[in-house]
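Here's a short set of exercises on empty space in a protein. Have a look at the model first, then work through the steps.

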Amino acid sequence: MRKKKGDTGRAILFLAPALLLICCFTVIPIFEAVYTSFHKTQYAMVGEFVGLKNYISVMVESDGLKNIINSIVYVVLSLLLAMPIGIGVGTLLNRKIRGMTIFRTMIIIPWTLSQTVTALLWKWLLNGNYGLITSWAYQLTGKKMDLFSSAIIAKILVVIVNVWNTVPVVIILTIAALQTISPELIEAAQVDGASRKMIYWKLTLPMIRPTMVTALVMQSIEYFNMVTLIYVLTAGGPFNATQTLSLAAYQNGFDYWHMDIAAAYSIIIFLLNIVFSLFYVRILKTNDN
């Protein structure tokens, strides 16, 4: 009993710094956001209690439903591109080919860039007046293009830039998962007469499925909470076509100083993240079974 009490005390002692940081930078801000979301604010000053008025304002007056739809579209389209590309490229980079280390390094470069640098780079490339890509398009068509003036094109471009920046994560996880597969299993399948295509679809992909599911959920949560890339690239325009929940929360809080509305947006995002987390846990349990 004394030994167990001593182990518990040491464990608490070692965990205390991490728990203190989590409490200060996660738990307390969450409670502050919940409290603020039920009150009226003037700049950073919390005023009278208004109940669900801020949430009603978000969903009815502040295009909250449109922002939710934009967020879902942004996440789904990004995943539909990032996951297949990441798995495919990761499979190719897992082969033993001369110079493969150089290719792996080049593929990872976009991931090393911050979202701000990535957004500024692509904003320059796609600029309607002096952008490199739009200049090539002008030479081919003879017409100048302002790609960010179209709502549909702007949504597509934001997704493409996001995938370019984040797909290396999926590639790295794919390579790591593929390297855990025993070569003996592949050789046994080849001896049994299985083709490369059959081995990949029937053996390789099922074995890396847990890692890919984890990557899927991790990326979906990251995309849902993303602010910087969209803010720098389009600032939610044109006509709020690329404005997501996280971007709306940031703009209301730090651009317009509507802290009550920003808090309501934040709590909605927090609740949706809980849903994603529960889905993540459920998938892991399913894989374990």
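**Exercise 1.** How many nonpolar, polar and charged residues does the lining of the largest pocket have?

*Solution.* Keep in mind that this is a predicted model.
- Start with size: the largest pocket comes out at about 850 Å³.
- Next, find who sits around the middle. The lining has 18 residues, and Thr 91, Asn 94, Arg 95, Ile 186 and Thr 204 are the closest to the pocket's centre.
- Then map the lining onto elements: H3, helix H8 (183-191) and helix H9 (196-225) each put in at least two residues.
- Now sort by class, and you get seven nonpolar, six polar and five charged residues.

**Exercise 2.** Work out which helix gives the most to the lining of the second largest pocket.

*Solution.*
- This pocket holds about 470 Å³ of space.
- Its lining has 22 residues, with Ala 33, Ala 249, Ala 262, Ala 263 and Ser 266 nearest the centre.
- Helix H1 (2-37), helix H11 (245-255) and helix H12 (259-288) each supply at least two of the lining residues.
- H12 wins, with seven residues.
- As for class, the lining of this second largest pocket splits into 16 nonpolar and six polar residues, with no charged ones.

**Exercise 3.** Find the cavities of 30 Å³ or more and describe the lining of the largest.

*Solution.*
- Searching the whole structure turns up one such cavity, with about 80 Å³ of space.
- Residues lining the cavity include Asn 70, Tyr 74, Lys 155 and Thr 244.
- Helix H3 (64-93) and helix H7 (151-178) are the elements giving two or more residues to this lining.
- By class, that's five nonpolar, three polar and one charged.

Notes
Residues numbered from 1 in each chain as written. Predicted model: local features only at pLDDT ≥ 70, side-chain atom pairs only at ≥ 80, totals over all residues. Heavy atoms only, no water. 1 Å grid on protein atoms, 1.4 Å probe; cavity = no way out; pocket = protein on both sides within 12 Å on 5 of 7 lines; lining within 4 Å. Points joined across faces, edges and corners; volume = space filled by probe spheres on them. Helix = DSSP H or I, 4+ residues; strand = E, 2+ residues; numbered from the N terminus. Nonpolar A, V, L, I, M, F, W, Y, C, P; charged D, E, K, R; others polar.
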